[in-house]
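Keep the structure open beside you and try each exercise before you read its solution.

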Amino acid sequence: LVNSFGIIGVPFDSTTSYHSGSRLGPIVVREASFGFEKFNTVFNKDLTTNFYDFGDVNVVPGNCERTCEIIEDTINEILDLNVRPIIIGGEHSASIGAIRALTDRYPKLTVIHLDAHRDLAFTFIGEKYSHATVMRRAHERGVDLVQIGIRSSSSREEEFVKSTYNIQTFKSGELADRKSVV
């Protein structure tokens, strides 16, 4: 399955603290994808990659940790097929399941995190697995982090970033001045 990608939906938003609804993301993205053309006018090239839709994982509403374990198992099964996974969420707390599977195979993994918030809290509202803690869990796996678009965080998260060597940040205000980076 050379040059193949596998799409996995993760309809999960149980730790969302603002508005729920991101669990509908997989279905909405799939509906929108029916309008994609195979020719890219920017690169003047046909898309020859194989995409397989493996459906949605069976999430456990209200249980982020268990949902992440299911995602990790699913990603491992797809990687065993020599297919590169693409996850469509849902909230990004579920990313840790994929990150765990990937770091087991690729110990020098870099995670590019596009968000307004750092998501580096050790716990959030008493929960270790949450949308606000997902990058801390990733960092604990030894990944390098590149955080793009950060505009707010807690003072504890900022202290944590200063205490590490492998978190690179591009804050939202800096992006307008660094168009060549983006």
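Below are five exercises, each with a worked solution.

This is a predicted model, in which local features need pLDDT of at least 70 and side-chain atom pairs count only at pLDDT 80 or more, while totals for chains, interfaces and linings use all residues. Residues are numbered from 1 along each chain as its sequence is written, and side-chain values use heavy atoms, with hydrogens and water left out.

**Exercise 1. Describe helix 2 from end to end, and state what covers its buried residues.**

Step 1: Set the terms. Helices (H or I, at least four residues) and strands (E, at least two) are DSSP runs, numbered from the N terminus.

Step 2: Take the length. Helix 2 covers residues 64-80, which makes 17 residues, and spans 24 Å from its first C-alpha to its last. That is close to the 24 Å expected at 1.5 Å a residue, where the expected span is 1.5 Å times one less than the number of residues.

Step 3: Look at the ends. At the N-terminal end, Asn63 acts as a cap, with a side-chain oxygen 3.4 Å from the backbone nitrogen of Glu65. Just after the helix, Asn82 has a positive phi of about 65°.

Step 4: Find the buried side. Buried means under 20% relative accessible area, exposed over 50%, and partly exposed in between (1.4 Å probe, protein chains only). Among the buried residues of helix 2 are Cys64, Cys68, Ile71, Glu72, Ile75 and Leu79. Their cover includes strand 1 (4-10), strand 4 (50-56), strand 5 (84-89) and helix 3 (95-105).

**Exercise 2. Follow Glu72 from helix 2 to its contacts, then examine helix 3.**

Step 1: Place the residue. Glu72 lies in helix 2 and counts as buried because its relative accessible area is 16%.

Step 2: List the contacts, meaning heavy atoms within 4.5 Å. Leaving aside neighbours within four places in sequence, Glu72 is in contact with Gly97, Arg100, Ala101 and Asp104.

Step 3: Pick out the polar contact. The side chains of Glu72 and Arg100 are joined by one of 2.9 Å. The term means a pair of N or O atoms within 3.5 Å; within protein, one must be able to donate a hydrogen and the other to accept it, and residues adjacent in sequence count only if both atoms are side-chain atoms.

Step 4: Turn to helix 3. Here 8 of the 11 residues are buried, so helix 3 is largely enclosed by the rest of the structure. Arg100 is one of these buried residues. Together they pack against helix 2, strand 5, strand 6 and helix 4.

**Exercise 3. Which residues lie nearest the centre of the largest pocket, and which element gives the largest share of its lining?**

Step 1: Define the pocket. On a 1 Å grid over the protein atoms alone, a pocket is an open set of points where a 1.4 Å probe fits, with protein on both sides within 12 Å along at least five of seven lines; lining residues have an atom within 4 Å of a point.

Step 2: Read the lining. Of its 16 residues, Ile7, Ser33, Phe36, Leu47 and Phe51 lie nearest the centre. Helix 1 (25-33), strand 4 and strand 5 each give two or more residues.

Step 3: Find the main contributor. Strand 4 supplies the largest share, 4 residues.

**Exercise 4. Locate the unusual backbone geometry at Asn44, Ile125 and Gly90.**

Step 1: Recall the background. Most residues other than glycine have a negative phi, and most peptide bonds are trans.

Step 2: Check phi. Asn44 has a positive phi near 50° and sits in the loop between strand 2 (39-40) and strand 3 (45-46). Ile125 also has a positive phi, about 50°, in the loop between strand 6 (110-114) and helix 4 (134-140).

Step 3: Check exposure. Asn44 is exposed at 61% relative accessibility, and Ile125 is exposed at 69%.

Step 4: Check omega. A cis peptide bond, with omega about 20°, links Gly89 and Gly90. Gly90 belongs to the loop between strand 5 and helix 3.

**Exercise 5. Is Leu145 buried or exposed, and what does it touch?**

Step 1: Leu145 is in strand 7 (residues 144-150).

Step 2: Its relative accessible area is 1%, so Leu145 is buried.

Step 3: Not counting residues up to four places away in sequence, Leu145 touches Val111, Leu120, Met135, His139, Asn166, Ile167 and Gln168.
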